[in-house]
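Okay, everyone, thanks for coming. I'll put the chain up on the screen and then we'll walk through it together.

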Amino acid sequence: MVEENHPNPFNPVTTIRFTAPSRGHVSVEVYTLRGERVATLLDRVVEAGSHPVVWRGEDEHGRPVSSGVYFYRVRGFGRTVTQKMALVR
């Protein structure tokens, strides 16, 4: 369902791609190493198929975040997938 983000490490943009097996609700969120949510990239119903979600290395208010390791979490269709990514400025 979820592919690794590309590129990784990245500066300043990365794409997270997932495949929805059918129409349904999906959320994609970015977290710090401490588990603090940085941004919600997607939180809606999507159609079946492949979906790219772009993160520009910004928080929920559009402010650039610092270099470091972040996690993205994709939830949907009864599954949760968490993967690591690195922002290098």
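I'll start with the overall fold, then go to the core, then one strand, and finish with some backbone oddities.

First thing to keep in mind: this is a predicted model. So what's it made of? The chain has six strands and zero helices, and if you read the elements from the N terminus you get β-β-β-β-β-β. For overall dimensions, picture the C-alpha atoms in a box of roughly 35 × 20 × 20 Å along the principal axes. A compact globule of 89 residues would have a radius of gyration near 12 Å, and the chain has 12 Å, so the two agree.

A couple of bulk figures while we're here. Of the 89 residues, 37% count as buried. The chain exposes about 5,200 Å², and carbon and sulfur atoms supply 48% of that. And if you take the contacts with a separation of 6 or more, 54% of them come from residues 24 or more positions apart.

Right, the inside. The largest nonpolar core has 21 residues, and the members touching the most other members are Phe-18, Val-28, Trp-55, Tyr-70 and Val-74. Which strands feed this core? S1, S2, S3, S4, S5 and S6 each supply at least two residues of the core, and S3 gives the most, with four.

Let's zoom in on Val-28, one of those well-connected members. Leaving out residues up to four places away in sequence, Val-28 touches Ile-16, Phe-18, Ala-39, Thr-40, Leu-41, Leu-42, Val-53, Arg-73 and Val-74.

Now strand S2, residues 24–31. Is S2 enclosed or open? Seven of its eight residues are buried, so S2 is largely enclosed by the rest of the structure. Look at its partners: S2 and S3 run antiparallel, joined by eight bridges, and S2 and S5 are antiparallel as well, with six bridges. On the S3 side, Glu-29 stands opposite Thr-40. On the S5 side, Ser-27 stands opposite Arg-75.

Stay with Ser-27 for a second, since a serine is easy to skip over. Ser-27 sits in S2. Buried or exposed? Ser-27 has a relative accessible area of 5%, and buried means under 20%, so Ser-27 counts as buried. Beyond its neighbours within four places in sequence, Ser-27 is in contact with Leu-42, Asp-43, Arg-73, Val-74 and Arg-75. By the way, side chains in a regular strand alternate between the two faces of the sheet.

The hairpin of S2 and S3 has five residues between the strands, and in that hairpin Gly-35 takes a positive phi near 85°.

That takes us to the backbone oddities. Where are the cis peptide bonds I want to show you? One runs from His-6 to Pro-7, with omega near -5°, and another runs from Asn-11 to Pro-12, also with omega near -5°. Pro-7 lies in the segment before S1, and Pro-12 is in that segment too.

Last one: Phe-77. This residue has a positive phi of about 55° although it is not a glycine. You'll find Phe-77 in the loop between S5 and S6. At a relative accessible area of 30%, Phe-77 is partly exposed.

That's my tour, so let's go to questions.

Methods: Residues are numbered from 1 along each chain as its sequence is written. This is a predicted model: local features need pLDDT of at least 70, side-chain atom pairs count only at pLDDT 80 or more; totals for chains, interfaces and linings use all residues. Side-chain values use heavy atoms; hydrogens and water are left out. A nonpolar core is a set of buried Ala, Val, Leu, Ile, Met, Phe, Trp, Tyr and Cys residues joined through side-chain atoms within 4.5 Å. Buried means under 20% relative accessible area, exposed over 50%, partly exposed in between (1.4 Å probe, protein chains only). Contact means heavy atoms within 4.5 Å. Two strands pair if DSSP finds at least two bridges between them. The radius of gyration is taken over C-alpha atoms; the globule rule is 2.2 Å times the number of residues to the power 0.38. Accessible areas come from the Shrake-Rupley method with a 1.4 Å probe; for residues, only the protein chains shown count as cover.
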